[in-house]
Amino acid sequence: MPCYDEQATILTVIGKVLASPWTAELIVVDDGSTDGTRDLLADVADPRVRVLRQPRNTGKGAALRRGFAEATADYVIVQDADLEYDPAEYGALVQPLDDGLADVVYGSRFISSRPHRVLYYWHSVGNKLLTTLSNMVTDLNLTDMESCYKAFRREVIQSIAIEEDRFGFEPEVTAKVARAGCRVFELGISYNGRTYAEGKKIGWKDAVRAVVCIVKYSGTGERVRRLVGDVPAAPAAPVAAAMTGDRSDRDADRHPA
């Protein structure tokens, strides 16, 4: 759970996450909050919660990179620290993972019959455009690449080098799981979007960066980066190797997200 200045919602979200029977651990990465969020996190006593503190605000991608490295449960779910996404839906989100069908599961806000708050038309247009551009270079047929709700088998996400520090994480990780041959599933989720007055942080500059990331992390973009020597640090283990682990070993000591 990346968290930055979410004093109004952080304890409520933590309570919802811990109420899920799928929650084995909750890693909250406070990304340099200055509004009192850190004080609230210091009072959380549940042993399943670990709070990691970034020395300054570096962005959602940087917070996720640190959280992924610390995860120990079988499945890893990205959960924002606001109330836009509902932890009660974890069971549906991880089911394809638990059934051994998927390596990655996306929660889509655009194919669901579940409740949706009606907000920003142009945001929805922008999301669909970015998803279409991403699909064109990844050859996936996602409906919501920008969705927060992404669930991974832990060994898969820990074998991917996350380079983006901000919201570019979404197109970056999508490109990398596609290029690695991960089995990607998608299912509908509810969405209680918030306004900028309520704390929404993503803006038009992040949309521009998303386009850059779609190109940068495409197959062609990666080949160009190798030619100019712009190669990310190697992950702990290749994704392909991570996906061929013995499932019986994982089932013997399974933990939820």
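This tour moves through a predicted model, from the whole chain to its two sheets, a helix and the nonpolar core.

**The whole chain**

Begin with the full protein in cartoon form, coloured by secondary structure. The protein has 11 helices and seven strands. Of its 257 residues, 49% count as buried. With a surface drawn, the accessible area comes to about 12,000 Å², and carbon and sulfur atoms account for 56% of that area. Among contacts in the protein with a separation of 6 or more, 77% are between residues 24 or more positions apart.

**The three-stranded sheet**

Next, select residues 2-3, 26-30 and 49-53, which are β1, β2 and β3. These strands form an open sheet in the order β1-β2-β3, and the pairing is parallel. Strands β1 and β3 are at the edges, each pairing on one side only. Between β2 and β3, which run parallel, there are five bridges. To inspect one residue pair here, display D30 and R53: R53 in β3 is the bridge partner of D30.

Now add residues 10-19, helix α1. Helix α1 lies across β1, β2 and β3, and runs at about 160° to β2.

**The four-stranded sheet**

Hide the first sheet and select residues 75-77 for β4, 104-108 for β5, 150-153 for β6 and 184-188 for β7. Which order do the four strands take in this open sheet? The order is β4-β6-β5-β7, with mixed pairing. The edge strands, each paired on one side only, are β4 and β7. From one strand to the next, the twist averages 20°.

At the β4 edge, zoom in on the pairing with β6. The two strands are antiparallel and share three bridges. Within this sheet, I77 stands opposite A151 in β6.

**Tyr75 and the end of α4**

Stay at β4 and show the side chain of Y75, then that of D98. D98 belongs to helix α4, residues 90-98. Is D98 buried or exposed? D98 counts as buried because its relative accessibility is 15%, under the 20% cut-off. Its side chain makes a polar contact with the side chain of Y75, at 2.7 Å.

**Helix α7 over the sheet**

Select residues 169-179, helix α7, which lies across β5, β6 and β7. The helix runs at about 40° to β6. How many of the 11 residues of α7 are buried? Nine are, and the helix is mostly covered. The buried set consists of F169, E170, P171, E172, V173, T174, A175, K176 and V177; charged names such as E170, E172 and K176 are included in it. Just after α7, select G181, which takes a positive phi of about 80°.

**The nonpolar core**

Finally, turn to the largest nonpolar core, which has 52 residues. Which residues have the most contacts inside this core? They are M1 and F68. Helix α1, already selected beside the first sheet, gives the most to this core, with five residues.

Centre the view on F68 and show its surroundings. Leaving aside neighbours within four places in sequence, F68 is in contact with V76, V78, F152, I157, Q158, I162 and F169. Two of these names lead back to earlier stops: F152 falls in β6, residues 150-153, and F169 is among the buried residues of α7.

Technical notes: Residues numbered from 1 in each chain as written. Predicted model: local features only at pLDDT ≥ 70, side-chain atom pairs only at ≥ 80, totals over all residues. Heavy atoms only, no water. Pairing = 2+ DSSP bridges. Axes fitted to C-alpha atoms, helices over the stretch in contact; angles between N-to-C directions. Contact = heavy atoms within 4.5 Å. Buried < 20%, exposed > 50% of the residue type's maximum accessible area, 1.4 Å probe, protein only. Areas by Shrake-Rupley, 256 points an atom, 1.4 Å probe, with all protein chains shown as cover. Polar contact = N/O pair within 3.5 Å; in protein donor to acceptor, adjacent residues only side chain to side chain. Core = buried A, V, L, I, M, F, W, Y, C linked by side-chain atoms within 4.5 Å.
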